[in-house]
Amino acid sequence: MGTGGDGDKPGPALPLEALLALGLDQRTAENALVNNKVTANLAAVIAEAGIKECDKSVGNLLYAVATKYPTNALVHRPVLISYILSTKIKNPAQLDAALSFLTNTGPDCLDVGKFEEACGVGVVVSIEEIKSTVADVLEENMAAIKEQRYHINVGMLCGLVRKRHPWGDAKAIKEEIDKRLVEILGPKTEADNIKPVKKKKEKPAKVEEKKVAVATAAPPTEEELNPYTIFPQPEENFKVHTEIFYSDGNIWRAHNTKEILEKHLEATGGKVMTRFPPEPNGYLHIGHAKAMFIDFGLAKERNGHCYLRFDDTNPEAEKKEYIDHIQEIVHWMGWEPYKVTYTSDYFQALYEHAVELIRKGLAYVDHQTAEEIKEYREKKMNSPWRDRPIEESLKLFEDMRLGMIAEGAATLRMKQDMQNENKNMSDLIAYRIKFTPHPHAGDKWCIYPSYDYAHCMVDSLENITHSLCTLEFDIRRPSYYWLLVALGLYQPYVWEYSRLNISNTVMSKRKLNRLVTEKWVDGWDDPRLLTLAGLRRRGVSSTAINSFIRGIGITRSDNSLIRVDRLEYHIREELNKTAPRTMVVLRPLKVVITNLEEGKVLDLDGKMWPDASDTDASSQYKVPFSRTVYIEKTDFRLKDSKDYYGLAPGKSVMLRYAFPIKCTDVIYGDSPDDVVEIRAEYDPLKTSKLKGVLHWVSEPAPGVEPLKVEVRLFEKLFMSENPGELEDWLGDLNPHSKEVIKDAYAVPSLATAVLGDKFQFERLGYFAVDTDSTPEKLVFNRTVTLRDSFGKAGPK
């Protein structure tokens, strides 16, 4: 959503202490102060609230008002603030509902009764009411419950309760349903633990999905369709996770013992613990936004914690630039890590566990080259060093640690199952030698753990309850659990989801790195890339990205290609509500109004919002109308036609917010097709009724050129929907993906736009101020066009 306040001017200086007094955490407060727009909005909200300090819950709601309040309803902001201060609105769900109501209300008169009803003011849902309603809902669905038993859709049951109590405690509702189901059905049977085979959805069901998704626009309904209900509670993590099949017929059934699980729950207090574990070797892209939505979102929904853990096992690939970017972009996406950790924080513990594996006869030092390892795996042959004595491997591993063995001359491998059909059980490498100082750990180590060795171990050491990753890691699940079982460590619950693939782009880090380093694009934050930095620079908000992620879901579906139109739909939906309208002419064609006297300038009112009242000055901006105006070159033709609504000789059109004009003469340049100027007359009485309405910009004063701005238009980066599958994928780059218009004309009010401001340029699309802007010249990026091919069918 948009922000309120005077975002065009630098905000008044706010001391850090003033924000901390609101209960904001240190990082949020510091980040707010470096953003002029947020600072200005916070200052305005604090002034309207008339307070100097408050408790954290109130402060966080006020901060949300400062950052999310719709600019089309600023007149009602003091009312909302008073409801927060009086605790009539006391939680994020109520605030989201209030903001949604005010967005739709705009500057119109506020119906207090409907407002309070919309955001649950005065509604208190007791535990007794929840229990009673849960009992009613379960009774109404008893036939399905007894038929499906524990396969019943609990999320659906929660949704039915929430429909009757939209402001009830979601956690209490879920807990009561779980409790009552156990009372009704008794302990789970073996059949209850077997996952049902999902039936393919019939085509007509897609229509229903669209209807449901449209209904999720209201915050309460969005909560009903909680995507995280599919995940078990931490205390349920005693079941068999996976079966590890050996080529000799042996089977390991990975699960936590009662003692291990109790120790884990004692350490965590029973809280959900997740982690977002990016490698610091590049910038994050929209696929990582999905991972964040799942990792941070689950922890937030269950009142748990999510680590931001840097998987820094490769000292040659990590850069501080990437670490700084990842921390900053995670915060921008709206997520707050419980702790920031590094895999390298656990190097000592990982080393000690490696020694333990050797002592157990489950790891050995190998001297095969990479080529030999590959060959032996393909032939399912054991390494000649596999059965060397334990003491020998211990001595050699110590020599590796001390730097006494050359790089590439030895590795430590896990003794798994070389004859296994799953190649991820083929004695994976646990440690390799690299004489490279580590960016975080320094020069203490010259042996470094592999991802396959470290990932599961650090999950266990951090007491992660839900280890969530994309489907390509599904084949690594046996290896993940093999190591934890071998060491007798706590085993997190692993769940894989489909990775995000979007059309007309690439999201492989290797390919993205080539695009950047070979200068096919203008850096990691090029607006044509679907990196999060690129999307932000283009003018896309984190809320639009998260809305898109929520819309596509987090299930284990196949890795189908999502059309980029679907992302643009969510971007457009938000900007339509939050971006004020204004006028810019990209390719100006001069029009001289011959019947307007020389030197006369009329100050007209343009509307920032299409439904704004004509009497609401706060929703208007001034548009000068003088003898010289400019229209788009594409809005003029020498030959008219029935289906053309632009200007032509002898034809009249309406200038937006101004007057009808009629073309009376055409001035040509060096050729008959070179039109350099139009002569026209305006109708001051507006007696004409016209279909064609054009945007335009005028000289603000006689002889004074309109405000010049640079506008950058972006199209899809690749011509093919799936360029990643092409051998010559660089040859598929769209040569017209970026067009720079250096000298567009804008209305004077745009001169005060600052970084972070977004607008709808009427008839052209949505645009955002770019980081290349200077005091001398503003630069705007087109975020998305006004066209919507996806939305016509409705979102999914």
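Two strands count as paired if DSSP finds at least two bridges between them. Keep that rule at hand for this tour of a predicted model.

**Stop 1: the hairpin β21–β22**

Select residues 660-668, which form strand β21; this strand pairs with β22 in the antiparallel sense, over seven bridges. Six residues make up the hairpin connection from β21 to β22. To check the register, show valine 666 and find isoleucine 678 of β22 opposite. Then show lysine 662, whose bridge partner in β22 is glutamate 681.

Now add residues 588-593, strand β16. Strand β16 runs parallel to β22 (residues 675-682), and four bridges join the two. Here lysine 590 has glutamate 677 of β22 as its bridge partner.

Widen the selection to the whole sheet. There are seven strands in this open sheet, with mixed pairing, and their order is β23-β20-β21-β22-β16-β19-β24. Which strands stand at the edges? They are β23 (693-694) and β24 (697-698); each has a single partner strand, so one side of each has no neighbour in the sheet.

**Stop 2: another seven-stranded sheet**

Move on to the open sheet with the order β14-β27-β28-β29-β25-β26-β15, which has seven strands and mixed pairing. Its edge strands, β14 (581-582) and β15 (584-585), each pair on one side only. Select residues 758-761 for strand β27: four bridges pair this strand with β28 in the antiparallel sense. Within that pairing, lysine 758 stands opposite alanine 768 of β28. Next, bring in helix α26 (residues 564-578), which packs on the sheet and touches β14, β27, β28 and β29. If you draw the directions of α26 and β29, the angle between them is about 120°.

**Stop 3: charged pairs**

Side chains of opposite charge can pair when their charged atoms come close. Searching the whole structure gives 49 salt bridges, and a few of them are worth a look.

Stay with the sheet you have just seen and display aspartate 743 and lysine 777. Their side chains form a salt bridge, at 3.2 Å from N to O. Aspartate 743 belongs to strand β26 (residues 738-746), while lysine 777 sits in the loop between β28 (765-769) and β29 (778-784), so the pair ties together parts 34 residues apart in sequence. Colour by accessibility and you will find aspartate 743 partly exposed, at a relative accessible area of 37%. Lysine 777 is partly exposed as well, with 24%.

Compare that with aspartate 526 and arginine 528, whose side chains meet in a salt bridge at 2.8 Å, N to O. Are these two residues buried or exposed? Both aspartate 526 and arginine 528 are buried.

For a network, select Asp525, Arg537, Glu710, Arg712, Lys742, Asp770 and Asp772 together: salt bridges link them.

The last pair leads to the next stop. Arginine 477 and glutamate 496 form a salt bridge, with 2.7 Å between the closest N and O atoms. Since arginine 477 is in helix α22 (residues 477-487) and glutamate 496 in strand β11 (residues 493-497), the pair ties together parts 19 residues apart in sequence. Arginine 477 is buried, with a relative accessible area of 16%, and glutamate 496 is buried too, at 0%.

**Stop 4: the largest cavity**

Rolling a probe the size of a water molecule over the atoms shows where empty space is left. Two cavities of 30 Å³ or more turn up, and the largest cavity holds about 140 Å³ of space. Its lining has 13 residues, and those closest to the centre are His455, Phe473, Arg476, Arg477 and Tyr480. Elements to colour here are α21 (451-461), β10 (466-470), α22 and β11, each supplying at least two lining residues. Which element gives the most to this lining? That is α21, with four residues.

**Stop 5: the second largest pocket**

Finish by selecting Glu279, His288, Thr470, Glu472 and Phe473, which lie nearest the centre of the second largest pocket among its 27 lining residues. The volume of this pocket is about 680 Å³. Two or more lining residues come from each of β3 (273-276), α16 (286-301), α21 and β10. Helix α16 gives the most, with five residues. Phe473 is named for this pocket and also for the largest cavity, so keep it displayed as you switch between the two views.

Notes
Residues are numbered from 1 along each chain as its sequence is written. This is a predicted model: local features need pLDDT of at least 70, side-chain atom pairs count only at pLDDT 80 or more; totals for chains, interfaces and linings use all residues. Side-chain values use heavy atoms; hydrogens and water are left out. A salt bridge is a side-chain nitrogen of Lys or Arg within 4 Å of a carboxyl oxygen of Asp or Glu. Buried means under 20% relative accessible area, exposed over 50%, partly exposed in between (1.4 Å probe, protein chains only). Contact means heavy atoms within 4.5 Å. Axes are lines fitted to C-alpha atoms, for helices over the stretch in contact, and angles run from 0 to 180 degrees between N-to-C directions. On a 1 Å grid over the protein atoms alone, a cavity is a set of points where a 1.4 Å probe fits but cannot get out, and a pocket is an open set with protein on both sides within 12 Å along at least five of seven lines; lining residues have an atom within 4 Å of a point. Grid points are joined across faces, edges and corners, and a volume is the space filled by probe spheres set on the points.
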